[in-house]
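Reader: I should like to learn how to read charged pairs, a nonpolar core and a helix in a structural model. Could we proceed feature by feature?

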Amino acid sequence: LPSGAHIYGWMASTGFDGGEAPYPEYRPASGYEWFRNATKKAQEAGVRIIPYTNGILWYTGRESFNARGSAGAVKGKRGQYRRGEYGGKSFGIMCAGARQWRDTVTDFCLRLVEDGVDGIYLDQLSSTGPGSIWAQCWDETHGHPILGGNTWVEAVRGYMNQVRTACRRKNPETVFTSEGICEVLIDSFDV
């Protein structure tokens, strides 16, 4: 029977000292050529490939976070970016409304689609909500109202619309999944 494989452990962690993967700097652990060939082989056997990625975190230990990521992180009232700790590592919690973050996610998703995957899993994105730290961004440069209302829902819808539109230009069959079912985002995910 046709089936799908939600794959973890596909990312390289070169230069990363354990814990979570160096989000969002994804690179196949065994190289791009191996990844493309393994994906094609699985698809020939009827298995659809949907790799794990994270929809809201950027590892703060990389220079890229300071150079590009921190501008798109969720900001507190005094302008400090919000952090999450996973596996003893610090990650910037990214704002779905921030252009910097949307473009970064679009770029890594496009790369995966170009490598032949059938879909992309964006962890945590659908399991957050309007009252969570992910939705409490005070940075007016992100193009969203400050707190309250449907700010978070509309930001995630805009984020997913950008990612889906770009990826489906490359492969109209690309599917997107996330961590949980979020009724207000049911139109933004496929499975």
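Reader: Where do the side chains of glutamate 25 and arginine 62 meet, and at what N to O distance?

Author: In general, side chains of opposite charge can pair when their charged atoms come close. In this predicted model, glutamate 25 and arginine 62 meet through their side chains in a salt bridge, at 3.6 Å from N to O. Glutamate 25 lies in the loop between strand E1 (3–7) and H1, and arginine 62 in the loop between E3 and H2, so the pair ties together parts that are 37 residues apart in sequence.

Reader: Are glutamate 25 and arginine 62 buried, partly exposed or exposed?

Author: Glutamate 25 counts as partly exposed because its relative accessibility is 29%. Arginine 62, at 22% relative accessibility, also counts as partly exposed, given that buried means under 20%.

Reader: How many salt bridges does the structure hold?

Author: The structure holds ten salt bridges. One of them joins the side chains of aspartate 103 and arginine 99, with an N to O distance of 3.6 Å. These two residues are four apart in helix H3, so about one helical turn separates them. Aspartate 103 is partly exposed, with a relative accessible area of 31%, and arginine 99 is partly exposed at 48%.

Reader: Which salt bridge involves glutamate 114?

Author: The side chain of glutamate 114 meets that of lysine 170 in a salt bridge, 3.4 Å from N to O. This pair links distant parts of the chain, with glutamate 114 in helix H3 and lysine 170 in helix H4, 56 residues apart. Glutamate 114 is partly exposed, its relative accessible area being 47%, whereas lysine 170 counts as exposed at 52% relative accessibility. Elsewhere, Arg36, Arg111 and Asp115 are linked in a network of salt bridges.

Reader: How should one read the largest nonpolar core, and which residues have the most contacts inside it?

Author: In soluble globular proteins, nonpolar side chains tend to be buried together. Here the largest nonpolar core has 49 residues, and Leu122 and Tyr159 are those with the most contacts inside it. Among the elements that give two or more residues to this core are helix H1 (32–44), strand E2 (47–54), helix H3 (99–114), strand E6 (119–123) and helix H4 (151–170). H4 supplies the largest share, nine residues. Leaving aside neighbours within four places in sequence, tyrosine 159 is in contact with Gly55, Ala96, Trp101, Arg102, Val105, Leu122 and Leu125.

Reader: What covers the buried residues of H4, and does its span agree or disagree with the expected one?

Author: The buried residues of H4 include Trp152, Val156, Tyr159, Met160, Val163 and Cys167. Their cover includes H3, E6 and strand E7 (175–178). At 1.5 Å a residue, the 20 residues of H4 should span 28 Å, and its end C-alpha atoms are 29 Å apart, which agrees.

Reader: Where is lysine 75 found, and is lysine 75 buried or exposed?

Author: Lysine 75 is found in the loop between helix H2 (63–69) and strand E4 (83–86). Lysine 75 counts as buried because its relative accessibility is 10%. Its side chain reaches the backbone oxygen of alanine 71 at 3.1 Å. Not counting residues up to four places away in sequence, lysine 75 touches several others, including Tyr81, Arg82, Trp138, Asp139 and His142.

Notes: Residues numbered from 1 in each chain as written. Predicted model: local features only at pLDDT ≥ 70, side-chain atom pairs only at ≥ 80, totals over all residues. Heavy atoms only, no water. Core = buried A, V, L, I, M, F, W, Y, C linked by side-chain atoms within 4.5 Å. Buried < 20%, exposed > 50% of the residue type's maximum accessible area, 1.4 Å probe, protein only. Contact = heavy atoms within 4.5 Å. Polar contact = N/O pair within 3.5 Å; in protein donor to acceptor, adjacent residues only side chain to side chain. Expected span 1.5 Å × (residues − 1). Salt bridge = Lys/Arg side-chain N within 4 Å of Asp/Glu carboxyl O.
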